[in-house]
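User: I am new to this structure and would like to be guided through it by questions and answers. Please begin once the structure is shown.

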Amino acid sequence: MMSRVVVTGARGRASGHAVVGVLQNYTGLTHPEASRLFGQVRAGERVVLDLDDEFAAYDLVSMLTDLGLQAEVADTH
């Protein structure tokens, strides 16, 4: 079952380098793709990521939140 991570914003202290690295590790995105997604979040756009692993989705949300993003695992049921 796919898990959906919704990222809705970034606080001013969010580190682009760290966020891009986490996105790459959890999603398999390339650096340019992860950077583009981070730019969308910084611009106030809602970004949705689908992951195959529910536990990884919760880990990703935790890491992104620690890095200054607003993220949650969406209910896909």
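User: Is Ser 3 buried or exposed?

Analyst: This is a predicted model, and Ser 3 has a relative accessible area of 7% in it. Residues under 20% count as buried. Ser 3 is therefore classed as buried.

User: Which residues is Ser 3 in contact with, leaving aside its neighbours within four places in sequence?

Analyst: Ser 3 belongs to strand 1, which spans residues 3–10. With neighbours within four places in sequence left aside, the contacts of Ser 3 are Leu 49, Asp 50, Leu 51, Asp 53, Glu 54 and Ala 57.

User: Where is Asp 53, and is Asp 53 buried or partly exposed?

Analyst: Asp 53 sits in the loop between strand 2 and helix 3. Its C-alpha atom is separated by 9.6 Å from that of Arg 4, although their positions lie 49 residues apart along the chain when counted as a sequence separation. The relative accessible area of Asp 53 is 38%, so Asp 53 is partly exposed.

User: What is the order of the strands in the open sheet?

Analyst: Strands of a sheet pair through backbone hydrogen bonds, in either a parallel or an antiparallel sense. Here strand 1 is joined to strand 2 (residues 47–51) by five bridges, and the two run antiparallel. Strand 1 also pairs with strand 3 (residues 69–74) over six bridges, again in the antiparallel sense. The open sheet of three strands thus has the order 2-1-3.

User: Which are the edge strands, and what is the average twist from one strand to the next?

Analyst: Strand 2 and strand 3 are the edge strands, as each pairs on one side only. From one strand to the next, the twist averages 25°.

User: Which residue in strand 3 stands opposite Gly 9?

Analyst: Individual bridges show how the strands are matched. Val 6 has Val 48 as its bridge partner in strand 2, while Val 5 has Val 73 as its partner in strand 3. Also in strand 3, the residue opposite Gly 9 is Gln 70.

User: Is helix 1 oblique or roughly antiparallel to helix 2?

Analyst: Two packed helices are described by the angle and the distance between their axes. The axes of helix 1 (residues 16–27) and helix 2 (residues 31–42) come within 9 Å and cross at roughly 120°. Because of that angle, helix 1 is oblique to helix 2.

User: How many nonpolar, polar and charged residues are in the contact of helix 1 with helix 2?

Analyst: Helix 1 contributes Gly 16, Val 19, Val 20, Leu 23 and Gln 24, and helix 2 contributes His 31, Ala 34, Ser 35, Leu 37 and Phe 38. By class, the contact has six nonpolar, four polar and no charged residues.

User: Is helix 1 roughly parallel or roughly antiparallel to helix 3?

Analyst: The axes of helix 1 and helix 3 (residues 54–66) come within 11 Å and cross at roughly 175°. Angles over 145 degrees count as roughly antiparallel. Helix 1 is therefore, relative to helix 3, roughly antiparallel.

User: How many residues in the contact of helix 1 with helix 3 are charged?

Analyst: In this contact, Val 19, Val 22, Leu 23 and Tyr 26 of helix 1 meet Ala 56, Asp 59, Leu 60, Met 63 and Leu 64 of helix 3. Eight are nonpolar, none is polar, and the number charged is one.

User: Is Phe 38 buried or exposed?

Analyst: Phe 38 is found in helix 2. Not counting residues up to four places away in sequence, Phe 38 touches Ala 14, Ser 15, Gly 16, Val 19, Val 20 and Leu 69. Its relative accessibility is 10%, so Phe 38 counts as buried.

Notes:
Residues numbered from 1 in each chain as written. Predicted model: local features only at pLDDT ≥ 70, side-chain atom pairs only at ≥ 80, totals over all residues. Heavy atoms only, no water. Axes fitted to C-alpha atoms, helices over the stretch in contact; angles between N-to-C directions. Helix = DSSP H or I, 4+ residues; strand = E, 2+ residues; numbered from the N terminus. Parallel < 35°, antiparallel > 145°, perpendicular 65-115°, else oblique. Contact = heavy atoms within 4.5 Å. Nonpolar A, V, L, I, M, F, W, Y, C, P; charged D, E, K, R; others polar. Buried < 20%, exposed > 50% of the residue type's maximum accessible area, 1.4 Å probe, protein only. Pairing = 2+ DSSP bridges.
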